[in-house]
Amino acid sequence: MAELRALVQKVRSKNAGPFWLTIDIFCGSAAAYTVVQPRLDTAAVAGIFDKDPATFKRFDIPDLHVIKISLPRPTIQGAIEDRDMHGASWAALVGEMQI
């Protein structure tokens, strides 16, 4: 097992509108994608955030060597409870996953 960020080129998270976040995992090569894609469990990602994996959307894009995972924001963007308006900090937690 290894940290996800050690196997890929970049892990990035961002807003996907005021109600959704997207986590992009750029594998950087076909070889890295082949290793990461089957080992990255969407339910494990949901577990990091203590969320229901049924609410997540996953897009595997082999031609680009990218995996995108979208999830509902815990609060609406800009709400007083929102601690990350741009959604950028979520990538750090996913990058630390052991896969």
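1. Two strands are taken to pair when DSSP finds at least two bridges between them. On that basis, this predicted model contains an open sheet of 4 strands, in the order β1-β2-β4-β3, with antiparallel pairing. Strands β1 (10-15) and β3 stand at the edges with a single partner strand each, so one side of each is left without a neighbour in the sheet. Neighbouring strands of the sheet are turned against each other by 15 degrees on average, direction ignored.

2. Strand β4 covers residues 66-72, and 5 of its 7 residues are buried. In the order of the sheet, β4 stands between β2 and β3. Strand β2 (residues 20-26) runs antiparallel to β4 and is joined to it by 7 bridges. Within this pairing, Leu21 has Leu71 of β4 as its bridge partner.

3. On the other side, strand β3 (residues 57-61) pairs with β4 over 5 bridges, again in the antiparallel sense. Arg58 stands opposite Ile69 of β4, and Ile61 has Val66 of β4 as its bridge partner. The hairpin of β3 and β4 has 4 residues between the strands, and His65 takes a positive phi near 60 degrees there.

4. The reader may next ask how many salt bridges a search of the whole structure finds. The search gives 6. One of them joins Asp24 and Lys68, whose side chains meet at 2.6 Å, N to O. This pair links distant parts of the chain, since Asp24 lies in strand β2 and Lys68 in strand β4, 44 residues apart.

5. Is Asp24 buried or exposed? Burial here requires a relative accessible area under 20%; Asp24, at 1%, is therefore buried. Its partner Lys68 has 23% relative accessibility and so counts as partly exposed. Asp24 and Lys68 also belong to a network of salt bridges that includes Arg12 and Lys14.

6. Two further salt bridges deserve mention. The side chains of Asp82 and Arg73 meet at 2.7 Å, N to O, and both residues are buried. Glu3 forms a salt bridge with Arg5, in which the closest N and O atoms are 2.7 Å apart. In this second pair, Glu3 has 26% relative accessibility and therefore counts as partly exposed; Arg5, at 46%, also counts as partly exposed.

Notes:
Residues are numbered from 1 along each chain as its sequence is written. This is a predicted model: local features need pLDDT of at least 70, side-chain atom pairs count only at pLDDT 80 or more; totals for chains, interfaces and linings use all residues. Side-chain values use heavy atoms; hydrogens and water are left out. Buried means under 20% relative accessible area, exposed over 50%, partly exposed in between (1.4 Å probe, protein chains only). Helices (H or I, at least four residues) and strands (E, at least two) are DSSP runs, numbered from the N terminus. Axes are lines fitted to C-alpha atoms, for helices over the stretch in contact, and angles run from 0 to 180 degrees between N-to-C directions. A salt bridge is a side-chain nitrogen of Lys or Arg within 4 Å of a carboxyl oxygen of Asp or Glu.
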